[in-house]
Amino acid sequence: MARAEYCLGMKVQMRKKHPCGSDLWTIVRLGMDIGLECCGCGHRILLPRVKFAKGIKRIIEKNDLSK
């Protein structure tokens, strides 16, 4: 399987829902860990890249704020 490229501002759907009920997240940090912000309530979390790659369901929007 091809390795996906992630960029800031990209909206992704995760397999598990957040306690607020939303499963949509925005990528706000890239590095060793991936920073995500819940689109439902605005809560921010950090996930290791491996855990993020296993938990992602699909990419919703491909926005690139770095350009």
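Visitor: Which residue forms a salt bridge with Glu-37?
Guide: In this predicted model, the closest N and O atoms of the pair are 3.1 Å apart. That lies within the 4 Å allowed between a side-chain nitrogen of Lys or Arg and a carboxyl oxygen of Asp or Glu, so the contact counts as a salt bridge. The partner of Glu-37 is Arg-44.

Visitor: How many salt bridges does a search of the whole structure find?
Guide: Side chains of opposite charge can pair when their charged atoms come close. Glu-37 and Arg-44 form such a bridge. For the whole structure, the number found is 1.

Visitor: Is Arg-44 buried or exposed?
Guide: Buried means under 20% relative accessible area and exposed means over 50%. Glu-37, with 25%, is partly exposed. Arg-44 has a relative accessibility of 55%, and therefore counts as exposed.

Visitor: Which elements make up the chain, and in what order do they run?
Guide: The chain holds 1 helix and 5 strands. Strand E5 covers residues 56–61. From the N terminus on, the order is β-β-β-β-α-β.

Visitor: Over how many bridges do E3 and E4 pair?
Guide: E3 covers residues 33–38, and E4 covers residues 44–48. Their pairing is antiparallel, and Gly-35 has Leu-46 in E4 as its bridge partner. The number of bridges between E3 and E4 is 5.

Visitor: Which residue in the turn between E3 and E4 has a positive phi?
Guide: E3 and E4 form a hairpin, with 5 residues between the strands. One residue in this turn has a phi of about 85 degrees. That residue is Gly-42.

Visitor: Which residue in E3 stands opposite Ile-27?
Guide: E2 and E3 form a hairpin with 3 residues between them. The two strands pair in the antiparallel sense over 4 bridges. Opposite Ile-27 in E3 stands Leu-36.

Visitor: What is the bridge partner of Gln-13 in E2?
Guide: E1 spans residues 11–14 and E2 spans residues 24–29. These strands are antiparallel and pair over 3 bridges. The partner of Gln-13 is Leu-24.

Visitor: Which residues form the positive surface patch?
Guide: Patch residues need over 30% relative accessible area and no salt bridge, so Arg-44, which bridges to Glu-37, does not qualify. One member of the patch, Lys-57, lies in strand E5. The patch is formed by Arg-15, Lys-17, Lys-57 and Arg-58.

Visitor: What share of the chain do buried residues make up?
Guide: The cut-off for buried is under 20% relative accessible area. The chain has 67 residues. The buried share is 31%.

Note on methods: Residues numbered from 1 in each chain as written. Predicted model: local features only at pLDDT ≥ 70, side-chain atom pairs only at ≥ 80, totals over all residues. Heavy atoms only, no water. Pairing = 2+ DSSP bridges. Patch = residues over 30% accessible without salt bridge, like charges linked within 9 Å, V, L, I, M, F, W, Y side chains within 5 Å. Areas by Shrake-Rupley, 256 points an atom, 1.4 Å probe, with all protein chains shown as cover. Lys, Arg positive; Asp, Glu negative; His and termini not counted. Charge placed at Lys NZ, Arg CZ, Asp CG, Glu CD. Buried < 20%, exposed > 50% of the residue type's maximum accessible area, 1.4 Å probe, protein only.
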